Amino acid sequence: MTGPGNPVDNPPANSPVKAPADRKVNRVIVLGSTGSIGESTLAVIEHLRRTQTRKIEVVGLAADRSSKVLADQAERFCCNDVALADPDAAADLRRRLPGARLRSGPDAASELVREVEADTVIAAIVGVSGLRSTFEAIQLGRTVALANKEALVAAGSIVMPAARRADATLLPVDSEHAAVAQCLRGEPAHRVRRVILTASGGPFRTASAEVIQNATPEQALVHPTWSMGPKITVDSATMVNKTLEVVEAHHLFGLSAGQLAVLVHPQSVVHAMVEFLDGATVAQLAAPDMKGPIHAALCHPDRPPSCAQPLDWAATPALTFEGPDHHRFPGLNLARRAIEGGGSAGAVLNAANEAAVHAFLQRRIRLGKIVRLIESAMDALPPRPIETLDDVLEADRLARRYVETELTRLVAPVSGAPNETPAASPARLG
């Protein structure tokens, strides 16, 4: 595969990916260490150290506000360099870890990346808040295990060129993109017809449009196969997570919108498939456990024993696939729009979704309003050129402001879920 970001054993000259340096000890920074991906990453590191498969030193940990969990992690891994975005939580962390080198505030994670020598950075801070620290790690030429899909959705047009300039290694941690990378290993782009990302369908795979439109947070947060944080679980319920993943794959593997497709696969065993021009399809199968792709990123390109459970083929149910229903899940239509629009379109898509999901979890809107707010924001904020990180953050700011303005049109929340007033035609902002 010749597209930028393809983690192959022998990457082409125009790829930013290189083989990891042959070091005796892999020094790792975990950004977002207290979240579900961060916790799984630390579990994988413990397994690799326990089995003496890899020598890994955790040299930095960053989180948002979970001071107690971060303190426990720092003590467990003898890590003296930590960062917390929330200043109040940082004050508590300082009491818990009086000898640690602590960074605090909105730029704490970026400072940690700049100031602490590391070989690998696990980028697992949820949302666009993880973009700056991820970009920092890429510019420093680190190996970046990318679990933050928003970095590429919002800023792929500048992230991928930056990776090439800095000779940084990008390794996907999203299960679907890690699967694509494995299927494409050693294959040039001109052989590929189509890449298919699979989706579980979330909790509303068989629900009516009316049920989906009026779903509550309690209903949306019950995922049938994956255990994830609240934001990505809601994204799965609307299937906007698959929209974001398609845009991410476009940037990561250099694929056009027409080369990317989605299939609903309720068992979550096949994570991605690659169709080649000769009619052959290569698929990657694994149990639905994020420790697998994390292990693959930390050990790339080797395959030592993992702590993720292998599939029990005798007990594995029949594998089924179905086309996605774009009527019940209209957010799927936004991927092509963001890819073909280019520029700031991905940043607006991502920011509007983050703001709308936050409002949904606060019970300010129903589930069905999320996608309508994203569409409205993309209508109101047509794509603009993206040349710097500040351009991305400005598009993000405008999209969030637009969504908040639209939210003021809604009636105050009532028991269970808010009522909504009819949405006016979107104003053009910015």
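Two strands count as paired if DSSP finds at least two bridges between them. In this predicted model, that rule yields an open sheet of seven strands. The strand order is 4-3-2-1-5-6-7, and the pairing is parallel. Strand 4 (101-104) and strand 7 (169-172) stand at the edges. Each has a single partner strand, so one side of each is left without a neighbour in the sheet. Neighbouring strands of this sheet are turned by 20° against each other on average, direction ignored.

At one edge, strand 3 (residues 81-84) and strand 4 run parallel and are joined by four bridges. Within this pairing, Asp 81 has Arg 101 in strand 4 as its bridge partner. The side chains of these two residues also meet. Asp 81 forms a salt bridge with Arg 101, with the closest N and O atoms 2.9 Å apart. This pair links distant parts of the chain, since Asp 81 lies in strand 3 and Arg 101 in strand 4, 20 residues apart. The two partners differ in cover. Asp 81 has a relative accessible area of 8%, so it is buried. Arg 101 reaches 47% and is therefore partly exposed.

A second salt bridge connects two helices. Glu 136 pairs with Arg 114, and their closest N and O atoms are 3.2 Å apart. Glu 136 belongs to helix 5 (residues 131-139) and Arg 114 to helix 4 (residues 108-115), so the pair ties together parts that are 22 residues apart in sequence. Glu 136 is buried, with a relative accessible area of 16%. Arg 114, at 44%, is partly exposed.

A third salt bridge lies within one helix. Arg 397 and Glu 394 are three residues apart in helix 16 (residues 389-407), so about one helical turn separates them. Their closest N and O atoms are 2.7 Å apart. Arg 397 is partly exposed at 40% relative accessibility. Glu 394 is likewise partly exposed, at 34%. Elsewhere, salt bridges that share partners join Asp 81, Arg 101, Arg 103 and Glu 115 into one network. The count of salt bridges comes to 29.

The surface also carries a nonpolar patch. Leu 285, Trp 313, Leu 319 and Phe 321 make up this patch of about 370 Å². Leu 285 sits in strand 11 (residues 281-285). Its relative accessible area is 31%, so Leu 285 is partly exposed. Patch residues must have over 30% relative accessible area, and Leu 285, at 31%, meets that cut-off.

Methods:
Residues are numbered from 1 along each chain as its sequence is written. This is a predicted model: local features need pLDDT of at least 70, side-chain atom pairs count only at pLDDT 80 or more; totals for chains, interfaces and linings use all residues. Side-chain values use heavy atoms; hydrogens and water are left out. Axes are lines fitted to C-alpha atoms, for helices over the stretch in contact, and angles run from 0 to 180 degrees between N-to-C directions. Patches are made of residues with over 30% relative accessible area and no salt bridge: like charges are joined within 9 Å, nonpolar side chains (Val, Leu, Ile, Met, Phe, Trp, Tyr) within 5 Å. Accessible areas come from the Shrake-Rupley method with a 1.4 Å probe; for residues, only the protein chains shown count as cover. A salt bridge is a side-chain nitrogen of Lys or Arg within 4 Å of a carboxyl oxygen of Asp or Glu. Buried means under 20% relative accessible area, exposed over 50%, partly exposed in between (1.4 Å probe, protein chains only).
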